[in-house]
Structure formats: structure tokens, C-alpha cells
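Colleague: I should be grateful for a close look at a single part of this model, set in the context of its surroundings. Please find the structure below.

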Amino acid sequence: MLPGLDLNRLTQLLCYSLFAVSLAFIWRQAALLCFGQALFFGIGAYLAALTSKGMIPGLPASAWLGVLLAVAGGALMAMVLGLALFIGRVVKGAFFGIITLCAGVIAERIATNWDAIGGFNGLLDVPPPPLWGSLDMLDPLAGYLVVLLIVGSLTALLGFLAASPWGSVLRSIGADETRAATFGYPVARHKVAAFTLGGAVAGAAGGLFAGQFGFVAPSVLGFGLSTEVLIWVAIGGRQSLTAALVGAVLIKYLESFLSDALGQYWLLALGLILIFVVMYFPRGLLGNALSNALPVRLRSVK
């Protein structure tokens with residue numbers, strides 16, 4: 001365990017790491033560099049918080065139901081946005097990034113001015129998901145083990161999909177959409193599917209986040225968190241889901257250390273680290289060490 005890091009803090013960092021994995025998957029597999037990934041994370045967090053507090057009419061107050069709705073909400077938002085961007089038109093590269101960024105900023109403004117979901121102050125006293133007996137997710141060891149199991153399982157699932165034939169199709173689309181379309185692959189549908197899956201995992205991370213932190217604010221939807229997750233993945237290494245996961249934990253820990261050591265200048269130090277990594281470690285600090293091997297069927301392809 002990292003020095004000075006307790007299990008509760010590590011559990012919270014695991015929620016962020018799952019968020020980073022959701023971006024690393026779509027960025028690595030389909031070359032979808034989303035500047036608004038926090039949109040799906042925030043929708044998941046708000047749905048989990050509202051359901052946990054019994055604020056959604058017709059639904060019982062249930063934290064675990066909230067987590068399930070967080071997954072569904074993140075997936076649905078990503079699917080709707082993906083259908084709008086990919087079906088019948090070609091939106092990619094910088095234009096895709098700008099549109100997703102704008103979507104996140106708009107969602108943050110809506111949440112800030114929507115009093116029914118807490119407005120500017122957000123939602124406080126979000127109850128944690130219960131476990132067994134009198135334990136809940138805020139119990140240090142039990143909460144850590146449950147979140148670790150969820151994060152590990154979802155990361156393994158994405159890794160399995162990345163190594164599957166579908167993952168190979170996504171990589172071909174990310175490398176050259178025109179060539180993939182020429183070979184008969186429905187590019188738009190595959191991109192929508194990958195984007196939806198990334199949104200679902202980001203929503204799950206947001207749902208776990210709400211229960212662990214006990215509050216949700218409009219900032220979880222906006223540009224700031226979307227930028228942070230890009231930094232985590234870029235520094236950790238987008239070529240590997242494991243590198244993104246570990247990198248997110250280490251970078252969040254580094255942020256805490258830098259803020260304590262440098263005060264208001266910690267962002268400057270983090271920016272310099274990012275520039276250094278991009279210039280000299282384009283695969284990320286952990287990308288080479290934790291890179292995933294190619295599937296067996298592709299290793300003989302030259």
C-alpha cells in the first residue's frame with residue numbers, strides 16, 4: 001500500500017481508476033478520444049445518489065439499484081450521443097472531441113441550475129450501498145474488497161473484449177475507418193457499441209463514487225474531471241487497461257502529494273509532468289511494462 005494511504009482512500013481511488021479504464025478502452029480500441037467522459041461518470045453518480053436518497057418517484061430508496069441505474073444511465077447517454085455522432089455522418093478526431101466536451105459543459109450547467117437535483121450545492125449525505133449484516137461500503141476492508149472485485153471484474157471483461165475478434169475489429173476501425181468499411185464492417189454500429197460500453201463502465205464508476213464519497217456535485221459532469229481522466233490515462237498509458245488503472249491511482253495519489261507540498265502550484269507541476277511524459281514516453285509511464293499482448297490469432301500478422 002502507498003505510504004499514508006488508508007483503505008477508504010484507496011477504495012475511492014479505485015472508483016477513479018475504473019473511470020480511467022472506461023476512457024482507455026474506447027481511446028485504445030476505437031481511437032475515440034472523448035473530451036467529455038465525465039458526462040457519463042456524472043450521470044451515473046447523480047442517478048445513484050438520487051436513487052439512494054429515494055428522490056426518484058416510483059423507485060424505492062436503494063443504493064444498489066442506484067448503481068445499476070448508474071450503469072444503465074451512462075450506457076444510454078453514450079448510446080444516444082453515439083447514434084447522433086456516428087450514424088449517417090462522419091464525426092471524428094477533433095470534432096468528436098469538441099462535441100463531447102460541449103456536451104459535458106452543457107450537462108454541468110444544467111445540473112448547476114437544476115434545484116431538484118441539488119443545484120450548485122449538489123446532493124449531500126448520499127447513503128453507501130449496504131453489504132451484509134451491519135456492514136456497508138464505508139467499512140474500510142469490506143468496502144475495499146467489494147469495490148476491488150467490481151473494478152477487477154469490469155476491467156477483466158473489457159480486457160477480454162479487447163482481445164476478442166470484436167476488439168480486433170475495433171482496432172482496425174481505430175487505425176483506418178475507410179479500410180475497415182471497405183472490408184464490409186459496419187463502422188458506425190461498432191463505434192456506437194464501443195462508446196456505449198465505455199459509457200456504461202464510466203457510469204458504474206460514478207455510481208460507486210457516489211456511495212464512497214457521500215456527495216455528488218455538478219463538477220463530476222464537467223470539463224475539469226474530463227481533463228483529469230485524460231491526464232491519468234495519458235500518463236499511465238492508454239495502450240493497456242491495467243496501465244490506465246494503476247496510473248489513475250498513482251496520479252491521484254501524486255496530486256494529493258503535490259497539493260500538500262506545493263500548494264496552489266501543484267497544477268503547474270502536474271502539467272510539466274504531463275508534457276514530459278508526452279514528449280519522452282508516448283506510450284505512458286506504464287504502457288510498455290503493462291502492455292497487453294496481441295491475441296494469438298494476430299501475432300503472426302505482419
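Which residues line the largest cavity?

Modeller: This is a predicted model, and what follows should be read as such. The largest cavity is lined by Ala-48, Ser-52, Ala-63, Val-67, Val-126, Pro-127, Pro-129, Gly-207, Ala-210 and Gly-211. The structure holds 1 cavity of 30 Å³ or more, and the volume of the largest cavity is about 30 Å³. By class, its lining comprises 7 nonpolar and 3 polar residues, with no charged residue. Helices α2 (38-52), α3 (63-86) and α8 each contribute at least two residues to this lining; α8 gives the most, with 3 residues.

The helices around the cavity may be taken in turn, beginning with α8. Helix α8 runs over residues 187-213 and has 27 residues. From its first C-alpha to its last, α8 reaches 39 Å, close to the 39 Å expected at 1.5 Å a residue. It is mostly covered, since 23 of the 27 residues of α8 are buried. After α8 comes Gly-214, with a positive phi near 80°.

Helix α4 is also linked to these elements, as its buried residues pack against α2, α3 and α8. Those buried residues are Phe-96, Gly-97, Thr-100, Ala-103, Gly-104, Ala-107, Ala-111 and Thr-112. Helix α4 covers residues 93-113, 21 in number, and reaches 31 Å from its first C-alpha to its last, close to the 30 Å expected at 1.5 Å a residue.

Open space is to be considered next. About 400 Å³ of space lies in the largest pocket. Of the 18 residues that line this pocket, Ile-43, Tyr-46, Leu-47, Trp-114 and Ile-117 are the closest to its centre. The elements giving two or more residues to the lining of the largest pocket are α2, α3 and α4, and the largest share, 6 residues, comes from α2. Helices α2 and α3 thus each supply at least two residues to the lining of the largest cavity and two or more to that of the largest pocket. The lining of the largest pocket has 16 nonpolar, 2 polar and no charged residues.

The second largest pocket holds about 320 Å³ of space. Among the 12 residues that line the second largest pocket, Ser-168, Val-169, Arg-171, Ser-172 and Tyr-185 are the closest to its centre. Helices α6 (165-175) and α7 (177-182) each supply at least two residues of this lining, and α6 provides the largest share, 6 residues. Charged residues do occur here: the lining of the second largest pocket has 7 nonpolar, 2 polar and 3 charged residues.

The nonpolar core completes the picture. In soluble globular proteins, nonpolar side chains tend to be buried together. The largest nonpolar core in this model has 78 residues, of which Phe-19, Phe-195, Val-220 and Trp-232 touch the most other members. Helix α1 (residues 7-30) gives the most to this core, with 15 residues. Leaving out residues up to four places away in sequence, Trp-232 touches Tyr-16, Phe-19, Ala-20, Leu-225, Gly-247, Ala-248, Ile-251, Lys-252 and Glu-255. One of these contacts, Lys-252, is found in helix α10 (residues 241-262). Lys-252 counts as buried because its relative accessibility is 10%, and the cut-off for burial is under 20%. Apart from neighbours within four places in sequence, Lys-252 is in contact with Arg-9, Leu-13, Tyr-16, Glu-228 and Trp-232.

Notes
Residues are numbered from 1 along each chain as its sequence is written. This is a predicted model: local features need pLDDT of at least 70, side-chain atom pairs count only at pLDDT 80 or more; totals for chains, interfaces and linings use all residues. Side-chain values use heavy atoms; hydrogens and water are left out. Helices (H or I, at least four residues) and strands (E, at least two) are DSSP runs, numbered from the N terminus. The expected span of a helix is 1.5 Å times one less than its number of residues. Buried means under 20% relative accessible area, exposed over 50%, partly exposed in between (1.4 Å probe, protein chains only). Contact means heavy atoms within 4.5 Å. On a 1 Å grid over the protein atoms alone, a cavity is a set of points where a 1.4 Å probe fits but cannot get out, and a pocket is an open set with protein on both sides within 12 Å along at least five of seven lines; lining residues have an atom within 4 Å of a point. Grid points are joined across faces, edges and corners, and a volume is the space filled by probe spheres set on the points. Ala, Val, Leu, Ile, Met, Phe, Trp, Tyr, Cys and Pro count as nonpolar, Asp, Glu, Lys and Arg as charged, and the others, Gly among them, as polar. A nonpolar core is a set of buried Ala, Val, Leu, Ile, Met, Phe, Trp, Tyr and Cys residues joined through side-chain atoms within 4.5 Å.
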